[in-house]
Amino acid sequence: MKKRVLALGLCVVLVLSLAACSKKEEVVTAPTETQEEENSSSEEVTEEVSEEPVDENMIKNADFAEGVGTWMTYLNGGEGALSVNADGQLVIDITKVGNLDYSVQAYYDGIVLDQGVVYKFAFDMATSVPRTVVWRIQLNGGDYSAYFTEEISSTTEMQHYEYEIKMEQPSDPAPRLCFNVGTYEPDGELGAHQIMLDNFEYKVLDASGKVAVDENAGLPMINVNQVGYLPDMEKKATFRGDTIGTAFTVVNAESGEVAYEGTITGEGDNASSGEKCAVGDFTELTTPGTYKIVNDACGESFTFQIGDDVYKSLLDDTLRMMYMQRCGCELPADLAGDFAHPVCHATDAVVYGTSTKKDVSGGWHDAGDYGRYVVSGAKTVADLLLAYEAYPSVFGDDLNIPESGNGVPDVLDEVRFELEWMLKMQETNGGVYHKVTCRNFPGTVMPQDETEELVISPISNTATADFAAVMAMAGRFYEKYDADFAKKCLAAAESALAYYEANKSAPGFKNPSDVVTGEYPDDDATDEYVWALAELYKTTGDKKYEDTLKGINTDSLSMALGWQGVGVYGAYTYCSIPGADASLKGKMQAKIDFEAQKMEENRKADAYESTMGNEYPWGSNMTIANNGMIYLMTGNKAGAESQLSYLLGNNTNSYCFVTGYGTLSPTGTHHRPSQSLKKTMQGMLVGGPNSNLEDPYAQQTLKDKAPAKCYVDNEQSYSCNEITVYWNSPFVYLLAGICAK
């Protein structure tokens, strides 16, 4: 969590009132902090709102009667841990201060800073050795600049510190309270020591000057696909507000001329977004150009384009994102630009619970961290191979990756990079290890700077069956380009299936006790087994796989295109096999059609044509893209186009959810390279709205929001704004299907 002073931005003087228990009250002027102005889609409403002070401590468990609670540590080169001692005090046990002031940090999320409000902040503190301690209430993301901060020369005697602070800057609904206890120059060498904290208090003293915030200020009241539309696509805009009107115009943004006049229909309450909405259809407009929608009641939309090539760079970037996530190799500057880095994670990894080490270098970094996981990798591989199989014409050999120009479509080259890693994850007995990560998630570092020991987690049935499925796919996809590699993949698939069949009763994967990285748990591998059998049958034509498949009860098969539920992959593959059993094929197709019908019901009930209904789980944007895939698989191209338009801006949050595209796209992604470089990598699909509020930042900022509005563009909201390769992959399929002629 970096403390930085930037040269540009707003200059704010922070006034704090300090009253130590042994001193009379004195007023201190804190150092001036400057903060870089960021592009923002919202503005503050300046009228004051009269509110009574709320005598409630925002710091829960302030006396640590319930243990450490939600206090956490951030380590960046230092070493420390939190505990509660016999006196009921929070203890920061520091064994290494590191070489930065924030090398060790204890922090608390759950407070607010409203503009114009005066707060009381108080706590008790002592240290086992005299040293400098700095507390900060800071921006929880971006440059982590401090709103308020104080440097304290702490002693072994417990002291009471009390401050009165007034928020003069725009409101922050989720700042971070932290104590930076790394290295400070005045302290000299510090060995192992402790810091004791107790009796926290953070309360509103005076809310009479609170400045209200209009959350929709600056956002359009007309939402569109911000990237644009192919000429023959279905084109719709969604209008919202208390007053909407009955007509709209499409205006050429360059000439100002009216290009189309349309009627607004379907006005009514939209449950998922909690708004009154209506829709305008302008599908008839096909002339290439740059446009905006205009309506007297709702104003203007963001601009968008109509043209034959509106998605060319988008498709390239969202596929190239896989290359940018490559692990175990150098990404040179001529290919990766600012995100270039040397070889990372190339050391041998230890097999958990043993002293055995293996080379498992390669593959893709799964998400915003640097773990590599077989089950999520298998979904990614399947999506890309299926996209190539269905729409080969949109994939070329010029994606600007190391293999470009080798005569093999770059999508197959990129997938092969992951497959080569997956082959390393298979044991000689056929079983496949679940993942390779460090024991803990990394700090905010570039990939080459995660240098903790790599650990290979145990074999799992889901990883093994998923592996069997995609290796069987590889056995037919690569036969034309590298017959030996194809045979190797097919043999690995057969070996994996044999291991699975001999170990069906094994429990689902659980993280070892000292490994806390992504678990990807799944207690039922039946759908993975069905998928593997279908792929092996399609690749080999051997009826034994079909015979086994016919003996499985698929009535309750998980029908999804995720990493956990993979039933649609198996069903879709089986239905594509000529001569497959007609009865089983009919049953499988009926399951896919049933899912498509549920999606269609949700789409027709939603003004933004979202297929999510009123539930938006973690990775809802993946589900939208997955549903777009299913629409394409079942021949409903208009349905697929609507899901693409939702992801590219026609949603209640007014975001194009792919980084670097549209007028408003995410900049605060939970993605270590983007966070480290303070520059958002282009072409990443973020997770999107999550109505389950599964991270502290989301819990603080999105409570009481309508399900579809539970999105925040902040790197601390990993449940809304992380990225993954397996969210990009269905988007690639969706986009390919819409671009294909």
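**Exercises on a predicted model**

Strand 26 (residues 349-351) pairs with strand 27 in the antiparallel sense, over 2 bridges. Strands are DSSP runs (E, at least two residues) and helices are DSSP runs (H or I, at least four residues), numbered from the N terminus; two strands pair if DSSP finds at least two bridges between them. The model is predicted, so local features need pLDDT of at least 70, side-chain atom pairs count only at pLDDT 80 or more, and totals for chains, interfaces and linings use all residues. Residues are numbered from 1 along each chain as its sequence is written, and side-chain values use heavy atoms, without hydrogens and water.

**Exercise 1.** Find which strands stand at the edges of the sheet that holds strands 27-26-30-29-28.

*Solution.*
1. The 5 strands form an open sheet in the order 27-26-30-29-28, with mixed pairing.
2. Strand 27 (357-358) and strand 28 (372-373) each have a single partner strand, so they stand at the edges.
3. Within the sheet, Ala349 stands opposite Lys358 in strand 27.

**Exercise 2.** Explain why Cys344 has no bond to Cys327.

*Solution.*
1. A disulfide is a pair of cysteine sulfur atoms within 2.5 Å.
2. The closest cysteine sulfur to that of Cys344 is in Cys327, 4.0 Å away, which is too far for a bond.
3. Cys656 is in no disulfide either, as the nearest cysteine sulfur, that of Cys739, is 14 Å away.
4. By this rule the count is 0 disulfides.

**Exercise 3.** Locate Tyr572 and list its contacts beyond its neighbours within four places in sequence.

*Solution.*
1. Tyr572 lies in helix 9 (residues 567-575).
2. Contact means heavy atoms within 4.5 Å; Tyr572 is in contact with Leu386, Ile592, Met633 and Tyr733, leaving aside neighbours within four places in sequence.
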